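Work through these exercises with the sequence and the model open. Try each task before reading its solution.

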Amino acid sequence: MSITNLLENWSDFRQQHPSDDRPHREYKWAMSIDLDSCTGCNACSVACYAENNLPVVGKVKFSHGHSHHWIRIERYWDNDGREFADQGAQFLPMLCQHCESAPCETVCPVGATNHTADGLNSQVYNRCVGSRYCNANCPYKVRYFNWYDYPTTDNVWPEPMNQQLNPDVTVRGKGVMEKCTFCVQRLTVAKSNARTEGRLVLDGEVQTACQQVCPTGAITFGNLVDPLAKVGKQWMTQQVELNKDKQAKNEAEEAAKLRGYRILEELRTYPSVMYLEQLRESAI
Amino acid sequence: MEKDIREDIAWAQINKDVLKSLESPRRLYWVILLIALAMISVAVGCEIYQYTTGMGVSNKNNSHVWSLYIATFIFWIGMSHSGTLLSAILHLMHADWRKPIYRFAEAMTTFSLMTAGLFVMVHLGRLWQVYYVMPYPNERWVWPNFQSPLVWDMFAIATYLSSSVLFLYVGMIPDLAICRDNIHAGWRKKLYTVMSLGWEGTDRQWRNFRVTYLTIACFLIPLAVSVHSIVASDFAMSNMPGWHVTSFPPYFVAGALYSGCAAIITLFIILRYVFRFEEYMTLPIMKKLVRLTFAIAMVWTYLNLIEFASVWYGHDQTAKDQLIFKATGPYAPFFWAMIFFGSILPLMLAFKRFQTHLPILFVVSILLNVGMWLERWMIISPSFAHGHYPWTWDHDQWPSLVQWGIVFGSFGWFTLLFMVFCKVFPSVSMYEVKEMVYHRSLALKHKPAVKGDY
Amino acid sequence: MIENSFNRRDFLKVLGWGGATVALSGCGNTSVEDGKEFVTSYVQTADYIIPSIGTYFNSTCAQCDAGCGIMGRVREGRVLKLEGNPKSSINNGKMCGLGQAGVQAHYNPDRIREPLLRNGNKGEAITWEKALALINEKVGGVKAENVAFLTGGVSGHVKVLLKNYLDALGSGHHYVYEAVAPSIVRAANKKAYGVEMPRLRLDKAKVILSFGADFLGAWISPVHFSQQYAHFRKADNGERGVLVQVESKMTLTGANADRWLAIRPGTEGIFALGLINALAAAGLSVSGDVAAVVKEYTTDRVSKDTGVSTEHIGKLAALLKERSPSLIIAGSAAEGYAHGSQNATAIALLNQVLGNVGKTVEGSSSIPFPQMAPTTGNRLALQTLNDNMAQDKVKVLFSYGANPVFTAPVSMKLKENLKKVPFKVAFAHYMDETAVEADLVLPLNSALEDWGTVMPEYIAEGAQLNIRQPLMEKLHPGTLGMGDILLALLKQHRPDEYKGYEDFYSYLRNAMVSNKGALGGANADDDTFWEAALSHGVVKLVGATVNISSHVPANGLVVPAPFVEDSTYPLHLIPAVSASLRDGRNANEPWLQESPDPLTTIVWDSWVEMHPKTAAKLGIVEGDIVEVASKSGAIKAQVYVFTGIHPDVVSVPLGYGHEAMGRYAKGVGVNAFKILDPVFDKETGELAMHETRVKVSKAGHRVIIVKDEGPAGGKQMGRKIAVRMSSDKVNLSKEV
Amino acid sequence: MYCFLRLSVLLVGLIVSASSYAVNAVQPLTTADDLGPKVEQPIEFPHDRHAGDAAKGGMQINCMYCHTYARRSIVAGIPPLQKCIGCHQSIESVRETPRIKKLFEYWEAKKAVPWKKVHDLPDFVRFNHERHIQRFVFAQNKPVQEACGYCHGDVKTMTVARRQKPLSMGWCVSCHQKDHPVDATSTKTTHGPNDCWQCHK
């Protein structure tokens, strides 16, 4: 608690985005989402409600923009002026991007949101004072604030619905910020088990709720440090590098053949979620 | 040109006039007090409702996480700069016309800071945990996040508040002594006796007094500049389009001085009437004040244009969209109102005929502050409504009555504090006015007024 | 997973203790364990039960009829979350949002908790003994043919018991009713392929042409099809299948199509024949009779009739010709008309011409236990029942797994006819519209606390019997499983035959174990077999493959010309089946109400979809409340304008507009079933869902639609957010 | 003007000295014990008889014989009634004592004993027994009672267990900042993890 130990721990509390002198040691959790497989069916979103004790706010509060969906399906149209949306829609599951240099982390006055050693963007509910600076500074607006005290609000978790609540996840009271955690409760268990057996978590050993439910397997999640992890291979083949704000491939020629990209990368947030572009057949 | 103050006022007269303000103001004073109380009760009601029900009732949402509270917070911080400007800066510059009016300006500083402080609290989702923001040895062994501009705010405001209170108090000591000697009964007597710290006006006391006062003045100026620069960095340090602007700190400071001066004009007129200070708060002084305000207004306008230009010629398309949205979107009326009140209206002050026309000045000065308040709001809300991420844009989320109620009430709170102060303490610095009169009279006797250190 | 020493039901009892002491306090940040001052402690327990570690048990999802295998996470006696059961070939460990919400059906606060007997206008609680006795008495009082049993699709042992019960009564009538079932397509398939539901191998197809089959959203077995779809989009060799969707209202599947063709409602058959013609013209060998049928469907004419441009027809024909095998699917858009059967047949014909039959359209396999095979429902059944009720032929009516009062069009006058039935029994979870009408309401166990077996209609490979087992102790002691009720009822008639079974569990166990040979447990002892079955959640059956025939009766196939303009009712109403609400049975699960509709992102309300052109013509903008009036009725709802719908069509989602059922469903949106016109498919007599013609008029005020989409709409405003590229640019085989 | 200088020099001096003190001020690495409230248990379980030293008439039973979940779950857990009975039905000597009678009453009624929590952490905290036991008992071969004792105090001398340590965050951190050898043999040491999500959920 002395200033000294503050200064010492500082670097630990403040994980910078990985550079050559500070690489991720054991784990770097990351995700990739194939927009060509994603059908926009919303299963991931509902699964997230089930896993993470998200409150159902109801029509009125939803209309005021008080909704809580840690992973939301955005639907974009791309029929410029044509009579019909005849190439369908573009669905995009948007969740916390767990940026390696997250804008939200630096601004929180009480350090309630930090970067973990595994490259997660952590949110500590009971430390949060509700200044909402983090959401103000989040370019993706994927943080959700508890505008009301949902545990005590009627018809959010009426008896016996509260028995469904997941004991591994805190039920957030009023006035705290929350967001996607990459299902950290699952990660922690997996890591603990692996540690007991004296190994690292194997690829596929742990799944996020959204990934596990996704009927088309559009979501891949895993440890970017693990050379065997599918997610790592995907990032590799797509030539998307975690600690770049401009990908070399975009200048290069073969850029046209690769469909991996990260959203609002140019803001230097270094997101941990890579998206794969949607495809459309040109023959029809 | 007319005189700032009559040289032939007897010192006794000065005491008498000023002390009178502690006794019997006009009836208007009490009316103002009542109104202020009413306004406060509104705010308190709203806050209790919000505290118990949750921030949702202020009708913010996940796109508009900040709104009027922060805007008004900045507004009050800005207001606080006037005092420092008048007393500290002008003091160092030996502009002696400030003497009759700096006291209440300093009071303003203090009280607007107190009001601003309240908004930080009102804004928090978990007000009951606010102490997490302060660094103190605790059983959790954790510190606040020193990277966060909000923590800097906390420090800056705390320091600024404490030192400006000190400044106000120290500057008051001789006058408190006067009060002590002229009031013969009641709690006031005790109060003044204690507060005047046994001031006798000996030569030594005066010397130390001057040094201390000077020291604090020097100390205060950098503080004043830093405090609003830090508030500015709340925004400049973030990556929101419309906030991420390098020129914000000077821009904010200018705006702060601006609204401060405008507020001084307003209060100048009120006090002059309520406490019958016509002899001291004279029109020539007002004229100087108005000119100062005009100058600052132009500086602010200039910085405003700089901001627009830097956005416009910068390569950031998002920020550009944001600017266009401000000027054309649902916020356009307020945006243009801000431009009008902030940059067009002050042009009036350039004309002599208005510079001393109190009714007009009263209205104008208030409108200037409305403009300043709008400026703060226009910095906050449009950026939330139209940020980086189109899917979460939200153009029709307006602050609820709860928010308006609390903002409204804060003005009552400020007025109450200020008015009570003016009734309990001399709102015109007697000893400095005496100095002023003395020097003027010397000057009259065709002696060059002594400048420099004395 | 479950070791023998430990009795399955004791285990539930034991775990019940943990569940009992769950409290949720609201102050600050808490968890379900907050305010729980006791340590979870057991009398005795199995060593796989470790406090704070979830145990998974397999069962079967009951949210829709697809019969996905589920895997429930149980902790301290409470089921917390459902995952897919990897062992089930239907969903291979995956799930849909609807299935996820199963826990909310289980924990739903509006479930009925004890038997209710009508007393005037309200139900009063009675004991089960009383209830069953009452049924016995009532049934005894009438002739057997006056007893009617209305159910949704049933299968497995419950079906067996049900049949036995009806036999015991002396053949009462069993009506199997499903409000939104592909019954016309089934009939057409039967004719064309010899099987009602052939296996569609999306994963083998290179091109899929779907006529309004929402196989990614709500059609038959969406989770299964979604998995195949993923493989179809990205085959192992990196080939990417092409999906073309032809329909008048964009479905979720349409939103994922490479080309979505807005077709004039009802002209799907014409389009199919036109394609055959175009293919023949392009040199595809077509048998003479077929050629004769299609010869006048020239591309120009088809384009004129269907509103699809000749260019697209040409391209599509070319695509189908060069990329084989393809797969043509007839969905609700094709079958929803009075000539639905012809449409479906024409589409089947296209499949046959393209030689897909046997390649991407495969025969299913026969089921060793026909008595357990699923009986699929249709709308005709309700018609018949309704007529019988109207003629006072029904004295006692049982209703199970169906909510006809909600799903029947007003034109049927079902509610009135119900009144003529002296004694109505509803087996229900909620006080839904039908239960409200009933005289006796019997509360059922939720699917997560019930025993049973399910045999899904659509099974990906082979045949399988899904186990449904309790994941936790009953929430409400007053509820019973359907199996238990039927068993009790049977005991009234055949006591000696069933007295051996203390409850449905013992019956089920016995029935399974005694057949273990056929259930693939020939050389396991009873317990091992039984426990294995429970822990797998599915029992694989060996069923002979039914060979699929391919002789679509081409000659005599006529598809009527497109609809003539109707000046009073200019628009077609398409009642959309949403992936989450379906026919409305799940409307009381808040997660589903709050998860935005994929295309419109609207929540907590129903809406009227409309093309901008139509809206402009009617002077309507988004958010206007309009009245949608058909010959049979009218509903009011908010308008959502978008380009995913044909200008001649308006669409309203089904499943909303409950007048009862529970706090989350009641009064949310409007019920589109109500205003459907009584038009029927000529061959099957099924209600033609898409035949309703409507007129739309402003009903005055305007509202702000509650949806997730912001003011930017679906636009990205120059940001690089959701990016799309042409598929010939990438080489998927290189990808991981 | 001199006084002015003097004053500022004084101020600067003050600040410097204060901060230099703050920088070097070292915190104690563990905070003082803090005795928790007495908890009324349904059966007054004598830990000292079961786990206590033989000298003091204890049975020296390993903590994990009863709290068997500690090494494989985040909670240490209470043994099922089964387990108590397992031993006690063959211990005739104490069969008739009131506590054991009570125990058997529960058993006959097939009712679980409603043991109360003694060490109750806030619900936003995830304390993982498994990790600590694995680390200190199995990796470092620390005696079980010592390892458990770090947080639970000297239970083997108590009858009904009672909280002894503050269980405050600072208290946890104080230990997580210590360096411990990774296992019994190696000289390599590491300190406990200090990122928030390790313990906060």
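**Exercise 1: a tyrosine in chain A**

Task: find which residues Tyr144(A) is in contact with, leaving aside its neighbours within four places in sequence.

Solution. Contact here means C-beta atoms, placed from the backbone, within 7 Å. Tyr144(A) is in contact with His68(A), Trp70(A), Glu178(A), Lys179(A) and Asn62(B). Next, place the residue: Tyr144(A) lies in strand E6 (residues 143–145) of chain A. Helices (H or I, at least four residues) and strands (E, at least two) are DSSP runs, numbered from the N terminus. Then count neighbours: Tyr144(A) has 25 other C-beta atoms within 10 Å, so it is buried. The cut-offs are 20 or more such atoms within 10 Å for buried, 12 or fewer for exposed, and partly exposed in between, with C-beta atoms placed from the backbone. Last, check the sequence distance: His66(A) is 78 residues from Tyr144(A) in sequence, yet their C-alpha atoms are 7.8 Å apart.

A note on the source: this is a predicted model, in which local features need pLDDT of at least 70, side-chain atom pairs count only at pLDDT 80 or more, and totals for chains, interfaces and linings use all residues. Residues are numbered from 1 along each chain as its sequence is written, while chains are lettered from A and ligands numbered from 1 in the order in which they are written.

**Exercise 2: two helices of chain B**

Task: compare the end-to-end reach of H6(B) with the expected value, and do likewise for H9(B).

Solution. The expected span is 1.5 Å times one less than the number of residues. Start with H6(B), residues 149–182: its 34 residues should give 50 Å, and the C-alpha ends reach 48 Å, which is close. Now look for a bend. H6(B) has a kink of about 50° at Ile173(B), shortly before Pro174(B). The bend is the angle between axes fitted to the seven residues ending at a residue and the seven starting there.

Turn to H9(B), residues 248–274. Its 27 residues should span 39 Å, and 38 Å between the end C-alpha atoms agrees. Of these 27 residues, 21 are buried, so the rest of the structure largely encloses H9(B). Just after the helix, Arg276(B) has a positive phi of about 55°.

**Exercise 3: the nonpolar cores**

Task: find which residues have the most contacts inside the largest nonpolar core.

Solution. A nonpolar core is a set of buried Ala, Val, Leu, Ile, Met, Phe, Trp, Tyr and Cys residues joined through C-beta atoms within 7 Å. The largest has 455 residues, and Leu275(C), Ile276(C) and Val628(C) have the most contacts inside it. H9(B) gives the largest share of this core, 17 residues. Take Leu275(C) alone: not counting residues up to four places away in sequence, it touches Ile313(C), Leu316(C), Ala317(C), Leu320(C) and Leu350(C). A second, separate core has 10 residues, among them Tyr69(D) and Val155(D).

**Exercise 4: contacts with chain A**

Task: how many residues does chain B bring into contact with chain A, and how many does chain C bring?

Solution. From chain B, 38 residues are in contact with 37 of chain A. H6(B) gives the most to the chain B side, with three residues. That side has 18 nonpolar, 18 polar and two charged residues. From chain C, 88 residues are in contact with 80 of chain A. Helix H7 (residues 222–233) of chain C gives the most to its side, with six residues. The classes there are 42 nonpolar, 23 polar and 23 charged. Ala, Val, Leu, Ile, Met, Phe, Trp, Tyr, Cys and Pro count as nonpolar, Asp, Glu, Lys and Arg as charged, and the others, Gly among them, as polar.

Terms used. Two residues are in contact if their C-beta atoms, placed from the backbone, lie within 7 Å.
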